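This briefing summarises the fold, the core and selected residues of one protein chain. Please read it alongside the sequence and coordinates displayed below.

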Amino acid sequence: DDMNIDILDIVSVVNIILNGGINSSDYTECELSDANFNSDGSINVLDIIQIINVILDTSFIDYLDIQMN
């Protein structure tokens, strides 16, 4: 966990989904917890969509900050 939300998080969640999701034994509890972004008990496309929304919102806010200064 690098404390950043970016494209690498999306890639990681996709890999977890393709390898069995929340029931996969290939990942640590921390990785599975991070991948379950919306905390609904499953890792699926909804988690990916929420991560994308956070990335886009953060990028937009950063863009506005740059434009205002």
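pLDDT is the predictor's confidence in each residue, on a scale from 0 to 100. The model is predicted, and the protein chain averages a pLDDT of 89, with 88% of the residues scoring at least 70. Its secondary structure consists of three helices and zero strands.

**Confidence**
- Among the elements of the protein chain, α1 has the highest confidence, at a mean of 96, and α3 the lowest, at 82.
- Where pLDDT is low, predicted coordinates should not be read in detail.

**Overall architecture**
- The order of elements along the sequence is α-α-α.
- Helix α1 covers residues 7-18, while α2 spans 29-35 and α3 spans 45-68.
- The protein chain has 69 residues, of which 17% count as buried.
- About 5,000 Å² of the protein chain is exposed, and carbon and sulfur atoms supply 58% of that area.
- Of the contacts with a separation of 6 or more, 44% link residues that are 24 or more positions apart.

**Nonpolar core**
- Eight residues make up the largest nonpolar core: Ile10, Val13, Ile16, Leu32, Ala35, Ile43, Ile48 and Ile51.
- The elements α1, α2 and α3 each give two or more residues to this core.
- The greatest share comes from α1, which gives three residues.
- Ile16, one of the core residues, is in contact with Gly21, Tyr27, Glu31, Leu32, Ala35 and Ile43 when neighbours within four places in sequence are left aside.
- Leu32, Ala35 and Ile43 are partners of Ile16 and are also listed as members of the core.

**Surface patch on the nonpolar side chains**
- Ile7, Leu8 and Val11 form a nonpolar patch on the surface, and together they have about 290 Å² of accessible area.
- Val11 belongs to helix α1.
- Val11 is classed as partly exposed because its relative accessible area is 41%, a value between the 20% and 50% limits of that class.

**Loop between α1 and α2**
- Asp26 is placed in the loop between α1 and α2.
- Asp26 counts as exposed because its relative accessible area of 56% is over the 50% cut-off.
- The C-alpha atoms of Asp26 and Ile16 are separated by 8.4 Å, and the two residues are ten residues apart along the chain.

**Loop between α2 and α3**
- Both Gly41 and Asn36 are found in the loop between α2 and α3.
- Asn36 is buried, since its relative accessible area of 11% is under the 20% cut-off.
- Not counting residues up to four places away in sequence, Asn36 touches Ile22, Gly41, Ser42, Ile43 and Asp47.
- One of these partners of Asn36, Ile43, is a member of the largest nonpolar core.
- Gly41 is partly exposed, because its relative accessibility is 48%, which lies between the 20% and 50% limits.
- With neighbours within four places in sequence left aside, Gly41 is in contact with Ile22 and Asn36.
- Gly41 and Ile22 are 19 residues apart along the chain, and their C-alpha atoms are separated by 7.6 Å.
- Ile22 is thus a contact of Gly41 and is also touched by Asn36.

Conventions. Residues numbered from 1 in each chain as written. Predicted model: local features only at pLDDT ≥ 70, side-chain atom pairs only at ≥ 80, totals over all residues. Heavy atoms only, no water. Patch = residues over 30% accessible without salt bridge, like charges linked within 9 Å, V, L, I, M, F, W, Y side chains within 5 Å. Areas by Shrake-Rupley, 256 points an atom, 1.4 Å probe, with all protein chains shown as cover. Salt bridge = Lys/Arg side-chain N within 4 Å of Asp/Glu carboxyl O. Helix = DSSP H or I, 4+ residues; strand = E, 2+ residues; numbered from the N terminus. Buried < 20%, exposed > 50% of the residue type's maximum accessible area, 1.4 Å probe, protein only. Contact = heavy atoms within 4.5 Å. Core = buried A, V, L, I, M, F, W, Y, C linked by side-chain atoms within 4.5 Å.
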